[in-house]
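Please open the structure in the viewer and keep the selection panel at hand. The tour proceeds by selecting one residue or element at a time.

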Amino acid sequence: MDDHGRGPDPRPAGGPAASSEPLEEAGPRPLPYEGAWRFTAAAVDASVPQARHAVRDLLYRQGVPIPDDLAQGLLLIVSELVTNAVRHAAVLSPTLAVEIAVGAEWVRVSVEDDHPYRPTALEADHGRTGGRGLLLVREITREAGGACDVEHTASGGKVIWAALPLKPARLP
């Protein structure tokens, strides 16, 4: 992540809207809470609450001005994305990476694994007891006025990310 969480677009660096502009010319100095942090975890069930707590603690430690309801939604997204990586990618990806990036007006979380399968958010099947994680991520993100996507990585895996605005979405 070359932009260190700064920039006009919360998409991962290198995506379609990435800027080739050097960081020094990108504008004003970053706010104290801006940046990008990445950690790896084993693709095991215990990593789900550990990732959620690590993200929560990071937001608090950095002083990110995030409303409580948005923070709770972001932490639910972290839980869902890490759970999906543990359940569906662990066979080919014994570790996963979690990244949290904070810009002046947005916060983005992404989970990367080495499994090539690119999931889609399917419509809910009311007869099933699972399989709604990405649908939930999509809905939380949409309600907050954010964006989410699944992208392939250069190594053949995938990164699933969700970006939420730090300021409330404006209703039409």
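Begin by selecting Ser79, which is buried, with a relative accessible area of 10%. The model in view is a predicted one. Because buried means under 20% relative accessible area, Ser79 at 10% belongs to that class. Ser79 lies in helix α2. Beyond its neighbours within four places in sequence, Ser79 is in contact with Val48 and Arg52.

Next, display the whole chain. Three helices and five strands make up its elements, and from the N terminus on they follow the order β-α-α-β-β-α-β-β. Of the 172 residues in the chain, 42% are buried. The chain exposes about 9900 Å², of which carbon and sulfur atoms supply 54%. Among contacts between residues at least 6 apart in sequence, 67% join residues at least 24 apart.

**The pair α1 and α2**

Select helix α1, residues 47–62, together with α2. At what angle do α1 and α2 pack? The angle is about 150°, and the axes are 9 Å apart. The crossing of α1 past α2 is right-handed. To see the contact itself, show Ser47, Val48, Ala51, Arg52, Val55, Arg56 and Leu59 on the α1 side. On the α2 side, show Leu74, Leu75, Val78, Ser79, Val82 and Thr83. Sorted by class, the residues of this contact are eight nonpolar, three polar and two charged. Ser79, the starting point of the tour in α2, is thus met again here, as are its contacts Val48 and Arg52.

**The pair α2 and α3**

Keep helix α2, residues 68–89, and add helix α3, residues 133–144. Their axes come within 9 Å and cross at roughly 155°. This angle makes α2 roughly antiparallel to α3. The crossing of α2 and α3 is left-handed. From α2, the contact involves Leu70, Gly73, Leu76, Ile77, Glu80, Leu81 and Asn84. From α3, the residues to show are Gly133, Leu134, Leu136, Val137, Ile140, Thr141 and Ala144. Which classes do the residues of the contact of α2 with α3 divide into? Nine are nonpolar, four are polar and one is charged.

Now select Arg132, found in the loop between β3 and α3. Arg132 counts as partly exposed, at 28% relative accessibility. Add Glu80 and compare positions: the two residues are 52 apart along the chain, and their C-alpha atoms are separated by 9.2 Å. Glu80 is also one of the α2 residues in the contact with α3.

**Two stops in the strands**

Move to Trp37, in strand β1, residues 35–42. Is Trp37 buried or partly exposed? Its relative accessibility of 24% makes it partly exposed. Not counting residues up to four places away in sequence, Trp37 touches Leu58, Gln62, Val98, Glu99, Ile100 and Val102. The C-alpha atoms of Trp37 and Val55, 18 residues apart along the chain, lie 9.4 Å from each other. Val55 is among the α1 residues that meet α2.

The last selection is Ser110, in strand β3, residues 106–113. Ser110 is buried, with a relative accessible area of 6%. Leaving out residues up to four places away in sequence, Ser110 touches Ala97, Val98, Glu99, Val159, Ile160 and Trp161. Val98 and Glu99 appear in the list for Ser110 and in the list for Trp37.

Conventions
Residues are numbered from 1 along each chain as its sequence is written. This is a predicted model: local features need pLDDT of at least 70, side-chain atom pairs count only at pLDDT 80 or more; totals for chains, interfaces and linings use all residues. Side-chain values use heavy atoms; hydrogens and water are left out. Axes are lines fitted to C-alpha atoms, for helices over the stretch in contact, and angles run from 0 to 180 degrees between N-to-C directions. Helices (H or I, at least four residues) and strands (E, at least two) are DSSP runs, numbered from the N terminus. Angles under 35 degrees count as roughly parallel, over 145 as roughly antiparallel, 65 to 115 as roughly perpendicular and the rest as oblique. A crossing is left-handed if the near helix is turned anticlockwise from the far one by less than a right angle, and right-handed if clockwise. Contact means heavy atoms within 4.5 Å. Ala, Val, Leu, Ile, Met, Phe, Trp, Tyr, Cys and Pro count as nonpolar, Asp, Glu, Lys and Arg as charged, and the others, Gly among them, as polar. Buried means under 20% relative accessible area, exposed over 50%, partly exposed in between (1.4 Å probe, protein chains only). Accessible areas come from the Shrake-Rupley method with a 1.4 Å probe; for residues, only the protein chains shown count as cover.
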